[in-house]
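The following exercises are to be worked through with the sequence and the structure at hand. Each task is followed by a solution in steps.

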Amino acid sequence: MRWGMVIDLKRCIGCYGCQLACKAEHGTPPGVYYARVLKQEDGEYPTVRQLSLPVLCNHCEDPPCVAACPTGASFKSEEDGIVEIDQDLCVGCRSCMMACPYTNRYFNEQPQHYFPQGATPFEQARTERHQQNVVMKCNFCRDRVRAGKPPACVANCPTVARVFGDLDDPTSEVSRLIKERAGFTLHPELGTGPSVYYLPQ
Amino acid sequence: MNVFSPRQFQTPARDDVWVPSSCSICYGTCSILAHRVDGVVVKIEGNPDSAVGKGRLCGKGVSGIMTHYDPNRLRYPMRRTNPKKGLYQDPGWKRISWEEALDEIAEVLRKVRADDPRKLVVQRTTTVTASRVPFHAFASAFGTPNFSVSGGGQHCGNGAHLISGIMHASWSVVPDFDYCNYAIFFGASKGHSAGHASCSNMGKAADARVRGMKMVVVDPLCNFAAAKATEWVPLRVGTDAALALGMCNVIVNDLGSYDGPYLQAKTNAPYLIGEDKLYVRHAESGKPLVWDLRLNGPRPYDAVAAADMALEGDFMVGEKPCRPAFQCLREHLRKFTPEWAERVSSIPAATVRRLGTEFATEARVGSTIVVDGVTLPYRPVAAIAFRGAQGHRNSVYNFYAVDLLNQLVGAADVVGGCLGFNPTSHGHPDTGRVSYVPSAGPDGLMVVGSWMGYHYPYPPPQPRLPKNLGLQDLFVIGMTSPFLDSVDSEELWTKFEVPYRPEVMINFGANLVMSIANKDAVAESLSRYKFIVSFDLCLTETSNFADILLPDCGYLQSLDSRSNFPFIFSLPGGLGEWCWPIRQPVLPADGEQRQFAEVLLELADRVGFRADLNAAYNAWLDLQPPYRLMGDERYSYENICDRELKNNFGPERGLEWFKSNGVVKWKKKPQEVYWRPFVDVRVPVYWEFLKPIGDKIAAIAAPRGLNVPLEYYDPLPDFLPCRSHCCDKPGFDFYGFYYRDVVHTNSFTMENPWLDEAAQLDPFSYAIAMNRAEARKRGFSDGQMVWVESETGRKVKGRLKLTEGIHPEGLGFAAMCGHWTDGQPIAKGKGVFYNDLLELDWEHASPVNINLDLCVKVRVVAAESAS
């Protein structure tokens with residue numbers, strides 16, 4: 001099987017719910033976002049469109065980050081296609097960040113808490129698993145998925161713009177949506193084979 | 001009833017529980033599950049068991065953890081040691097005990113209550129809707145009518161709520177997302193970031209888009225709603241009425257495609273109007289007359305079959321020439337040609353014509369549809385407005401004109417049309433509570449079945465020489481008032497012989513120095529108070545003026561029995577479920593924090609008016625035996641909440657039941673959601689009542705030297721310009737306006753570091769949006785620091801964001817940013833303080849609903865980047 005995600009740009013309103021639900025789920029430190037929302041505009045006044053593009057690790061079939069990693073810290077699970085980072089093996093060289101054409105990897109070098117006064121009880125509880133000076137990124141909420149729950153960004157989206165499922169299963173909702181609504185990936189010309197698809201506006 | 005029980009996740013070995021409760025990061029109050037592990041909240045998710053948000057939250061909702069754990073939260077009561085009050089005076093806070101704090105407050109309150117209770121002003125933020133009943137009850141029991149919600153009303157819906165109330169019996173309106181095919185939004189973002197039923201509407205609007213609903217968004221800025229629109233129609237700031245009236249003219253006079261039977265049966269369109277612009281009334285009964293086409297004569301409106309009522313024609317009743325209100329409206333609309341609308345709004349005449357035609361065509365006048373086995377009128381079009389359209393001097397007419405679109409085609413509270421938020425409820429099947437239905441009031445016009453406070457929108461009370469500091473008893477169409485803090489408040493109070501002055505303020509969480517208008521005006525007003533006590537989470541720019549600060553519990557530490565009631569406010573409209581969630585503490589108070597509701601009860605005891613407060617709670621919560629509060633017995637807030645829940649849902653569903661189950665819900669009936677055909681009420685498409693009210697106000701005001709422009713009180717809507725539209729000072733060529741940002745609530749959330757971080761990444765949140773071509777003409781570049789200066793010399797500084805998505809004459813500011821207090825170090829210095837450009841006086845208020853004019857003509861000059 002191969003886990004994948006479909007993000008419906010017709011539904012998405014760019015509310016940052018995914019970005020912040022992810023932050024709450026993983027307790028990521030300042031400057032680290034497993035999920036982000038990019039904003040862009042297209043066209044000229046008055047025929048202009050404001051576009052929101054939620055992004056996250058694409059969990060590529062052929063991930064350039066894995067190829068670039070000198071220690072084997074970045075790896076792809078053959079079992080379900082999730083691309084992960086073994087923090088214990090990461091030496092923080094950031095080769096993977098250079099290799100990722102989607103810039104969805106982050107180097108954790110900032111303070112580990114948001115308020116200058118120190119870590120909040122939440123941060124103390126949620127950031128204990130993080131290591132500093134390593135690269136971090138989305139892991140498709142592996143723990144939630146294993147527990148039978150969808151990733152936090154999928155579960156939370158107020159517009160129900162995100163769907164999670166098995167891309168290898170032609171009957172899954174993600175496969176159906178990609179087929180029926182002309183799902184596309186980002187930068188297909190690079191041949192990375194992203195597992196995150198988008199449905200057009 | 002509830003399949004899901006949070007208890008099933010509980011493990012005995014350690015503290016690991018999901019607690020059902022309610023969000024409070026904005027007034028939408030979506031239902032949450034807070035995950036607590038070993039005494040720490042580690043996640044907040046939406047509660048999938050609730051209809052309010054349906055298990056999903058916006059970015060603000062999931063970020064509430066960081067507001068809760070902010071180390072800058074207040075933990076102890078404090079007293080100021082510096083007697084001087086000012087914007088930049090350090091109060092010299094000194095920690096005191098609750099005993100000292102409550103003693104001192106109670107003594108002040110006792111004295112002022114004995115002297116004149118009206119000298120107390122009770123003010124609260126709109127963000128915590130749970131504060132409404134405790135503070136309203138406290139104020140009314142204390143004996144003061146001087147109640148305010150800071151910038152609330154002025155900055156959201158003085159016009160929207162008034163007109164939604166008069167026309168839809170609800171606090172706001174929304175398209176029927178389940179069935180609407182064509183929605184036109186005027187300065188509104190319902191379903192795209194707005195607070196009312198926030199997350200629920202986001203989901204419903206997304207479903208509607210996928211279903212194929214067309215959405216036209218009329219707005220100077222192409223952002224949240226406009227970004228998802230089928231068509232963005234940019235317009236000159238504050239001219240929404242011009243487009244709406246132009247469209248009405250196209251529908252009525254060019255196309256003739258209005259819904260005659262609806263207008264006859266459900267509006268005052270057939271009521272006969274005399275040359276004096278008033279109803280022609282039946283001599284004996286005083287009822288408005290209509291022209292009975294069958295008998296060819298005048299008869300009272302309730303004595304004629306709707307289908308026999310004339311909508312057009314010229315008639316004589318005795319010696320009096322008269323014509324149906326619809327005929328007056330029709331004639332009135334003729335002057336609003338698409339070409340006129342273009343001159344006012346800058347929207348091309350062809351677009352005005354096309355939008356009017358599309359709206360009329362898509363309305364499918366005369367059609368019906370079957371919903372849940374019930375045959376109902378089907379009008380799948382809706383015209384929606386909110387803050388953007390009505391935050392102006394022409395507040396009332398802007399909104400009234402937009403809603404006329406719905407009324408003309410009969411798309412009001414029917415399938416697919418413009419819906420009020422739940423104006424009719426038949427109650428829970430077990431208890432029949434809470435039940436309310438709009439009813440016919442004076443002249444057969446609709447009176448709401450449920451309301452939020454103040455007076456009902458219709459019938460308005462009679463104007464009188466005012467006794468309220470906000471003058472709402474003179475300007476009776478108004479709801480919240482700018483005159484508590486305006487620079488001319490003393491002058492107005494003197495003119496109108498208001499026999500007392502404000503001396504004491506209880507403030508709950510409002511940051512009015514930033515949330516009303518320019519800070520100097522509000523600071524001067526606050527400095528006049530002899531004593532201010534403020535409940536706050538953190539220090540604010542306003543708490544600088546307080547004498548005593550009380551550390552409030554946050555929403556994760558508080559209890560409230562009615563998160564989403566009244567249903568007309570934040571429960572999603574349209575089909576679905578009725579749902580009653582509660583808020584309950586997930587965590588204990590930190591330090592000496594105490595929940596405001598308990599503190600108010602204790603203050604009432606200390607001052608000695610618990611019996612009055614009990615009576616007020618009985619009224620506000622509609623408590624019936626055996627749950628009524630008796631005498632001066634000292635009930636805890638928890639006990640009061642328990643009584644309210646049992647009162648509404650039966651003895652088995654008290655607080656303990658709700659603490660475990662989170663919500664009670666039941667299915668809505670089509671007869672509730674689409675109530676209009678089932679309830680015999682009419683709404684005014686001709687606001688006859690406005691004229692006599694205007695005349696009465698003028699009769700009181702004119703002899704006292706205040707000129708009330710009566711063109712604002714004409715029964716039919718018009719475009720009347722804002723001050724900004726009249727500014728012709730050279731160089732002042734932008735209309736400044738602000739809008740609600742999707743990651744921020746009022747001035748509250750900039751201190752939340754997750755939301756602050758998201759706002760910093762967003763290109764617009766902390767910037768000033770300017771049209772790219774206009775910027776180029778003036779030599780401005782993206783990211784440049786500029787000063788924005790009003791005609792009167794008020795200035796704010798900010799960073800430009802150049803965009804194609806803004807009207808060339810508009811200058812857009814997000815949210816209420818620009819904090820300077822050290823008490824909120826994350827918020828400090830972020831974004832732009834737009835409100836500081838706004839004047840706060842009679843001249844900048846609507847003469848009808850006293851809404852503040854929120855647009856301002858400005859010039860933009862380059863700022864030295866270092867300054």
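**Exercise 1.** Determine what distance separates the centres of domain 1 of chain B and domain 2 of chain B.

*Solution.* Step 1: take the domain bounds, which come from an automatic or database domain assignment; domain 1 of chain B covers 78-143 + 479-551, and domain 2 covers 724-862. Step 2: take the centres over C-alpha atoms; they are 27 Å apart. Step 3: list the contact, where two residues count if their C-beta atoms, placed from the backbone, lie within 7 Å. Domain 1 of chain B contributes 21 residues and domain 2 of chain B contributes 25 residues. On the side of domain 1, the elements giving two or more residues are α16 (512-515) and α17 (519-527) of chain B. Helices (H or I, at least four residues) and strands (E, at least two) are DSSP runs, numbered from the N terminus.

This is a predicted model: local features need pLDDT of at least 70, side-chain atom pairs count only at pLDDT 80 or more, and totals for chains, interfaces and linings use all residues. Residues are numbered from 1 along each chain as its sequence is written, while chains are lettered from A and ligands numbered from 1 in the order in which they are written.

**Exercise 2.** Establish which residues of helix α11 of chain B are buried, and where they lie around the axis.

*Solution.* Step 1: apply the criterion that a residue is buried if 20 or more other C-beta atoms, placed from the backbone, lie within 10 Å of its own. In α11 (residues 338-345) of chain B, this holds for B:P338, B:A341, B:V344 and B:S345. Step 2: view α11(B) down its axis; the buried residues fall within an arc of 120 degrees (of the directions from the helix axis to the C-beta atoms), so they line one face of the helix. Step 3: recall that an α-helix has 3.6 residues a turn, so residues three or four places apart point the same way. Step 4: identify the cover of these buried residues, which includes α8 (240-255) and α12 (349-362) of chain B.

**Exercise 3.** Describe the contact between chain A and chain B from the side of chain A.

*Solution.* Step 1: count the participants; chain A gives 37 residues and chain B gives 48 residues. Step 2: name the elements of chain A that give two or more residues, namely α1 (17-26), β2 (35-44), β3 (47-56) and α4 (121-126). Step 3: find the largest share, which is the 7 residues from α1(A).

Key
Buried ≥ 20, exposed ≤ 12 C-beta atoms within 10 Å, placed from the backbone.
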